Every structure is written in structure tokens, then in C-alpha cells.
Amino acid sequence: QVQLVESGGGVAQAGGSLKLSCAASGRAFNTYAMAWFRQAPGKEQEFVSYIRWSDGRTFYADSVKGRFTFSRDSTVNTAYLQIDNLKPEDTGVYYCASRATDYGSPYYEPNAYQYWGQGTQVTVLS
């Protein structure tokens, strides 16, 4: 019912910047929150950031706080992840996810989210 499409990944040098996008569509848009997760090679999926759609309140993993900025444009049902001061440890596949309510698992757990995008690759060179 809800489709998420990520874009904006690529290759960047350490210290550089990237901006990821997550466009949402479906028969009805009733998103409560969206989140970004990432998965580095050989590692488990990791929570990155969260945004509450109604007011834009955000939470960040400690590893990205101060470098990543999560925002949304409700007029086009799109969320953005601005990534600054990239580090090699930021390398991985970044996934966008959404949920319709705040009921259920905590926001930092993947099983809290009902819909997922296909992922976009971020590679940071040192």
C-alpha cells in the first residue's frame, strides 16, 4: 500500500557530503514516522535516524549525531537525510522505512516499521 523509493547514494571522500532522499507514495498517506537504517558489509542492520512526520521531531544514533540531519517536505511526501563530514564507517546500504502509528516496537528497532525502500549504497573513501 505504501511504496518508498530512496535515491542520492554514491561515492564520496571522507569529510564530504551526500544527501539522500526517500519519496513515499500510496493510496493514502498516513505516515506517523519515518526512519533510516543502514547495513555495512558483514554487519547487522543499524538504526541511523528517526523523524516524526507531524512536527519533524528527530532522533539520531550517537554515531551520526551532529553530522546527519533528517528532514521532511510534507508537500511532496519526501524525507531527506543530509550527511556531512562523512567517515569511512558510514559506508553501507541505507534503507528508508515508515510506520503508520507509534504503537509497537521502539523507534530504533527495524520491526517497528511496516514499509521499506530498496536501499541506496553509500561508499566513503578514506
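The questions and answers below go through a predicted model, from one buried serine to the sheet, the disulfide and the core.

Residues are numbered from 1 along each chain as its sequence is written. Because the model is predicted, local features need pLDDT of at least 70 and side-chain atom pairs count only at pLDDT 80 or more, while totals for chains, interfaces and linings use all residues, and side-chain values use heavy atoms, with hydrogens and water left out.

Q: Is serine 49 buried or exposed?
A: Serine 49 lies in strand S5, residues 46-52, where strands are DSSP runs of E with at least two residues, numbered from the N terminus. Buried means under 20% relative accessible area, exposed over 50% and partly exposed in between, with a 1.4 Å probe and protein chains only. With a relative accessible area of 0%, serine 49 is therefore buried.

Q: Which backbone oxygen does the side chain of serine 49 reach?
A: Contact means heavy atoms within 4.5 Å, and, leaving aside residues up to four places away in sequence, serine 49 touches Met34, Ala35, Trp36, Phe59, Tyr60, Phe70 and Leu81. At 3.0 Å, the side chain of serine 49 reaches the backbone oxygen of phenylalanine 59.

Q: In what order do the 4 strands of the open sheet stand?
A: Two strands pair if DSSP finds at least two bridges between them, and in this sheet the pairing is antiparallel. Strand S3 (residues 18-26) and strand S8 (residues 78-83), for instance, are joined over 6 bridges, with cysteine 22 opposite alanine 79 in S8. The order of the open sheet is S1-S3-S8-S7.

Q: Which cysteine forms a disulfide with cysteine 22?
A: A disulfide is taken as a pair of cysteine sulfur atoms within 2.5 Å, and the count by this rule comes to 1. The two sulfur atoms of this link are 2.0 Å apart, and with -80 degrees about the S-S bond the link is left-handed. It joins distant parts of the chain, with one cysteine in strand S3 and the other in strand S9 (residues 92-99), 74 residues apart. The partner of cysteine 22 is cysteine 96.

Q: Which strand gives the largest share of the largest nonpolar core?
A: A nonpolar core is a set of buried Ala, Val, Leu, Ile, Met, Phe, Trp, Tyr and Cys residues joined through side-chain atoms within 4.5 Å. Of the 33 residues in the largest one, Met34, Trp36, Phe68, Phe70, Leu81 and Tyr94 touch the most other members. The elements giving two or more residues to this core include S1, S3, S5 and strand S4 (33-39). The largest share, 5 residues, comes from S4.

Q: Which residues make up the covered face of S11?
A: Strand S11 (120-125) is among the elements that give two or more residues to the core, and S11 also pairs with strand S2 (residues 10-13) in the parallel sense over 4 bridges. The uncovered face of S11 holds Gln121, Thr123 and Leu125, and leucine 125 is the bridge partner of glutamine 13. The covered face consists of Thr120, Val122 and Val124.

Q: In S11, which residue is the bridge partner of tyrosine 94?
A: S9 and S11 run antiparallel and are joined by 3 bridges. Tyrosine 94 also belongs to the core members that touch the most others. Its bridge partner in S11 is threonine 120.

Note on methods:
A polar contact is a pair of N or O atoms within 3.5 Å; within protein, one must be able to donate a hydrogen and the other to accept it, and residues adjacent in sequence count only if both atoms are side-chain atoms.
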